[in-house]
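This report introduces a protein structure to a reader who has not met it before. It concerns charged side chains and strand pairing.

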Amino acid sequence: MLLLRCPLPLLLLLLLLPLDCRPQKLPTRDEELFQMQIRDKAFFHDSSVIPDGAEISSYLFRDTPKRYFFVVEEDNTPLAVTVTPCDAPLEWKLSVQELPEEASGEGSGDPEPLEQQKQQITNEEGTELFSYKGNDVEYFVSSSSPSGLYQLDLLSTEKDTHFKVYATTTPESDQPYPELPYDPRIDVTSLGRTTVTLAWKPSPTASLLRQPIQYCIVINKEHNFKSLCAVEAKLSSDDAFMMAPKPGLDFSPFDFAHFGFPADNNSGKERGFLKSSKFGRQTSPKPRVDLHRVCIGNKNIFTVSDLKPDTQYYFDMFAVNTNTNMSTAYVGTFARTKEEAKQKTVELKDGKVTDVFIKRKGAKFLRFAPVSSHQKVTFSVHSCLDAVQIQVRRDGKLLLSQSVEGVRQFQLRGKAKAKYLIRLKGSKKGASMLKILATSRPNKQSFPSLPEDTRIKAFDKLRTCSSVTVAWLGTQERNKFCIYKREVDDNYNEEQKKREQNQCLGPDTRKKSEKVLCKYFHSQNIQKAVTTETIRGLQPGKSYLLDVYVIGHGGHSVKYQSKLVKTRKFC
């Protein structure tokens, strides 16, 4: 079988045949010749010759028909033709007309002039065998086809588009497309807020014929796809252009070199189409489509994760023969992920500290509605562990979005009868704990003020076998400071110290024996707001963990960063 394109189909056909003045019978597929042709893509370059038993990729301009021919020179020949639209519906028709007697038989004597043969074929309408209009992958299959010149006409009326064509006279032995199981549907076996588990029956091509099959899943939010070719078109940077065909599998570099794609050989460059062409056009990058494709090998169950809650997704499955790179689509499905569990909104009381626990990557919603009219509202946040994100909206309008580490205070302009919605988002590292206070009374402060630097400094030169001297910063506000000590092992490290850095745990959680002293301290001159303390009664060569707590007027305490110290072993 050989395939040609109008307007000179017979001329091209005869050019591909051996040069001989005598009429010859057109051969059936020669496997050795066929393999040679596959290796040599130039054989099919700039023509519409379709090799028997191989898939070609080509291109259609809108409202511009394209015609292919192929010859079946023996009666009762099996025939299968498959047309795959990529990114637009196609209209296609398959018809057949008789060959001139000299072209189909052995014959003898002088052949008819070429122009007379061409006129004899192309002037006849031919008998229509099959027609189709749509974007499905459609087939024509016949177990016994008559000899003749077969004509395939294709047209796209919507837009410029790609398509694929496969034709063979040995459909039983070729079987390049994976076979679908008796039930080709995709089942949704599990549904969550961010996950969907899919299962499907394996292709008989893999389970019975033992051919190498892999499954590729496509996920998107728009619609199901009927072919992998359509997926590739959607993924490309321009919706009318696909990726260039893979070498050795697609047989029309012409269709890509003419439109700005590099061909596998230099034929496009030699013709000058790559640099300038009336067909060429500049394409600008499109926004990235929300479509994902993942190939998972030969397993037939897969969980899609990282989806959005309460969102409808479309799922398509393609069985791909890795030997031929040709694919068959299962019947796609769709599913809507479950809704997020509705968050319970916590009501904040004016001037009262509320404890909040947030799961890793989780969020909590709080509501504050001052009873009386107010000029300002103050939010004080104390993050006990890692930083948390806070957002404050007043009657739906975003007023504040900040990351909070340690103690922070935010003062916002008030509004009569306003309601405030607070969203707290936890850390990605782990669970978050915090304390929050909202008030419309500016003098109501439960959290103590803190300096920017909450480290404790130890003086190495003042270290003895039984004492250490430390210092820390204070503020202009008079607060109560309490210092505690705890003996730890010599192998106590920074990682263990970090795990104990819950700043919200107050002195009431400590043993009485660990308390060193409490004292009040402040300085109007912020540059001199430094206090020192010598801790005595320690053991030689021992390690101690020191903690300083500052306690505010409302009784709420904040812990400074812990300090690990060690006494001298010999004095």
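## Salt bridges, a charged patch and a sheet

Aspartate 460 has a relative accessibility of 47% and therefore counts as partly exposed. The model in which this residue is seen is a predicted one. Aspartate 460 forms a salt bridge with arginine 463, and the closest N and O atoms of the two are 3.0 Å apart. Arginine 463 counts as partly exposed too, at 22% relative accessibility.

Side chains of opposite charge can pair when their charged atoms come close. Across the whole structure, a search finds 19 salt bridges. The table gives three of these pairs.

| Salt bridge | N to O distance | Relative accessibility |
|---|---|---|
| Aspartate 460 and arginine 463 | 3.0 Å | aspartate 460: 47%; arginine 463: 22% |
| Arginine 367 and glutamate 347 | 2.8 Å | arginine 367: 25%; glutamate 347: 44% |
| Lysine 201 and aspartate 183 | 3.6 Å | lysine 201: 27%; aspartate 183: 12% |

The salt bridge between arginine 367 and glutamate 347 has its closest N and O atoms 2.8 Å apart. This pair links distant parts of the chain, with arginine 367 in strand S20 and glutamate 347 in strand S18 (residues 345–347), 20 residues apart. Arginine 367 is partly exposed, and glutamate 347 is partly exposed as well.

In the third pair, the side chains of lysine 201 and aspartate 183 meet at 3.6 Å, N to O. Lysine 201 lies in the loop between strand S11 (196–199) and helix H6 (204–207), while aspartate 183 lies in the loop between helix H5 (171–174) and strand S10 (187–191), so the salt bridge ties together parts that are 18 residues apart in sequence. Lysine 201 counts as partly exposed, whereas aspartate 183 is buried, since 12% relative accessible area falls under the 20% cut-off.

Salt bridges also join into a network, which links Arg510, Glu514, Asp547 and Lys559.

Charge appears in another arrangement on the surface, where Arg360, Lys361, Lys425 and Lys428 form a positive patch. Of these residues, lysine 361 is found in the loop between strand S19 (354–358) and strand S20 (363–368).

The last feature is a sheet. Its 3 strands form an open arrangement in the order S25-S26-S29, with antiparallel pairing. Strand S25 (457–458) and strand S29 (530–535) are the edge strands, each pairing on one side only. Strand S26 (residues 468–473) runs antiparallel to S29 and is joined to it by 6 bridges. Leucine 473 has valine 530 in S29 as its bridge partner.

Notes
Residues are numbered from 1 along each chain as its sequence is written. This is a predicted model: local features need pLDDT of at least 70, side-chain atom pairs count only at pLDDT 80 or more; totals for chains, interfaces and linings use all residues. Side-chain values use heavy atoms; hydrogens and water are left out. Two strands pair if DSSP finds at least two bridges between them. Helices (H or I, at least four residues) and strands (E, at least two) are DSSP runs, numbered from the N terminus. Patches are made of residues with over 30% relative accessible area and no salt bridge: like charges are joined within 9 Å, nonpolar side chains (Val, Leu, Ile, Met, Phe, Trp, Tyr) within 5 Å. Accessible areas come from the Shrake-Rupley method with a 1.4 Å probe; for residues, only the protein chains shown count as cover. A salt bridge is a side-chain nitrogen of Lys or Arg within 4 Å of a carboxyl oxygen of Asp or Glu. Lys and Arg count as positive and Asp and Glu as negative; His and the chain ends are not counted. The place of a charge is taken as NZ of Lys, CZ of Arg, CG of Asp or CD of Glu. Buried means under 20% relative accessible area, exposed over 50%, partly exposed in between (1.4 Å probe, protein chains only).
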